[in-house]
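The following exercises concern a sheet, the helices that lie across it, and a pocket. Each task is followed by a solution in steps.

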Amino acid sequence: MNVLLIGNGAREHAIAEAIVNSPKKPKLFAYMKSKNPGIAKLAEDIQMGSYDNLDEIKNFTQSNNINFAIIGPEDPLNNGVVDALASVNIKSVGPVKELAKLETSKSFTRLLMKKYNIEGCPKFQVFESIDGVKEFLEELEEFVIKPDGLTGGKGVKVFGEHLHSIDDGIRYCEEVLKTHPSVVVEKKLEGEEFSLQSFTDGKNILDCPPVQDHKRAFAGDKGPNTGGMGSYSDANHLLPFLTKKDIEDAHEITRKVMEAIYKETGKLYKGIMYGGFMVAKSGVKLIEYNARLGDPEAMNVLPLLKTDFIDICLGIINGTLNKVRAEFEKKATVCKYAVPQGYPANPVKNKKIDLTDIPEEARIYYASVDEKGDGIYMGASRAVAFVGIADDIEEAEVIAENAVCSVKGPVFHREDIGTKELIDKRIKHMQKIKGL
Ligand SMILES: Nc1ncnc2c1ncn2[C@@H]1O[C@H](COP(=O)(O)OP(=O)(O)O)[C@@H](O)[C@H]1O
Ligand SMILES: [Mg+2]
């Protein structure tokens, strides 16, 4: 079996590992924007190219007798790579462009949920012009403004953090509308966020254990937003601040959205529905969907997968996910990223890092690094992720922390991710939200 993987980050490194660990002994072929040394080592063959060069991707696929493809990041999905591969009879784990709107258009998802009466939306409106924005912002008082389109995690602005008045809000909506067809304005909620990643064939859903990511660059949730500095999951497949009911509610939202997509478009969504949820006072709310696994969240769940990942992929592609059970080890995980000093605003570039002293018990997933003749050099983004797996979060944290501290070079990381102190803070926050 020959499997094509598109993508070059740590998430794709974790996917690559899950593919080659299959007892079916598939051969991995990787199409990457830049050479990930971890993926390159696992692959039979690799090709470097851009994610909008659909012809090149098709050619690489055809010359390697690929059985199916897995799409890691959102950009190729947004470029219609799944449609392009379908045109040469290659099926993909990943939605067609029209259904990738679940991630690429925040208005699509909000309006779909509204039309099909799916609970879980904060109060919201979609605007195509500035008319009425002022009145709605005044009504909400505390608001969040979301451009309709991919913004690499940099488009959403939150009242109290990035915007401090109604005027700020109006100005930002005006700015967004210059470059985007519409803007979503919604009520700002308060609560704790978690990621629930689900595999779906359009009719059936298999959930991964929930994960909590940390977007802020510095300890104590300070500093600018990043792609995600690290994440954790718990051995009982809940999170310390989450109840079983919270997960069931999130699952129900995803199941209903999956059904609504089919009713609305007549097409089955095949791939990953990754819900970013928030437990607020009023219950579990949907913040957004992504149409792919999370980075770092993929590195928390895929290493725990006991089920053959290829069976999940085939279930998705063939519409037989009801015949597969996704089993995950009952272990806790903590993932921490080493990132270049100055990241995200002014990262040092092309600096060498030395990974020779990383303790063996940690898993290493490469992200934005380049392997040259004399060692590993960092790009401008998150460099390497380290994952600890253990019986509880505290133990997993020690493994990840020891590993990330062993990197030699101009890097930093968040030492607080997965620590008891930070987790207690999350629990207390949740208790306060729920009025306990
Ligand atoms: N309605 C909301 N209330 C409070 N915070 C929100 C809301 N919507 C988004 N956020 C915050 O903004 C972040 C980014 O928003 P999100 O919709 O996930 O967009 P993206 O990931 O594309 O930047 C979320 O992780 C959350 O912290
Ligand atoms: Mg998000």
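**Exercise 1.** Determine which strands helix H9 lies across, and how helix H8 is placed.

*Solution.* Step 1: helix H9 (residues 166–179) lies across E6, E7, E8 and E9, and runs at about 10 degrees to E7. Step 2: helix H8 (residues 133–140) lies across E6, E7 and strand E9 (183–187), at about 20 degrees to E9. Helices (H or I, at least four residues) and strands (E, at least two) are DSSP runs, numbered from the N terminus. Axes are lines fitted to C-alpha atoms, for helices over the stretch in contact (heavy atoms within 4.5 Å), and angles run from 0 to 180 degrees between N-to-C directions.

The model is predicted: local features need pLDDT of at least 70 and side-chain atom pairs pLDDT 80 or more, while totals for chains, interfaces and linings use all residues. Residues are numbered from 1 along each chain as its sequence is written, chains are lettered from A and ligands numbered from 1 in the order written, and side-chain values use heavy atoms, without hydrogens and water.

**Exercise 2.** Establish the strand order of the sheet and identify its edges.

*Solution.* Step 1: the open sheet has 4 strands in the order E6-E9-E7-E8, with antiparallel pairing. Step 2: strand E6 (124–127) and strand E8 (157–158) each have a single partner strand, so one side of each lacks a neighbour in the sheet. Step 3: E7 (residues 143–147) pairs with E8 over 2 bridges and with E9 over 5 bridges; two strands pair if DSSP finds at least two bridges between them. Step 4: Ile-145 has Val-185 as its bridge partner in E9 and stands opposite Lys-157 in E8, whereas Val-144 stands opposite Val-158 in E8.

**Exercise 3.** Are the two faces of E7 covered or uncovered?

*Solution.* Step 1: 5 of the 5 residues of E7 are buried (under 20% relative accessible area, 1.4 Å probe, protein chains only). Step 2: Phe-143, Ile-145 and Pro-147 lie on one side, and Val-144 and Lys-146 on the other, so that both faces are covered.**Exercise 4.** State which helix gives the largest share of the second largest pocket's lining.

*Solution.* Helix H10 (residues 244–265) gives 4 residues. A pocket is an open set of 1 Å grid points where a 1.4 Å probe fits, with protein on both sides within 12 Å along at least five of seven lines; lining residues have an atom within 4 Å of a point.

Methods. Buried < 20%, exposed > 50% of the residue type's maximum accessible area, 1.4 Å probe, protein only.
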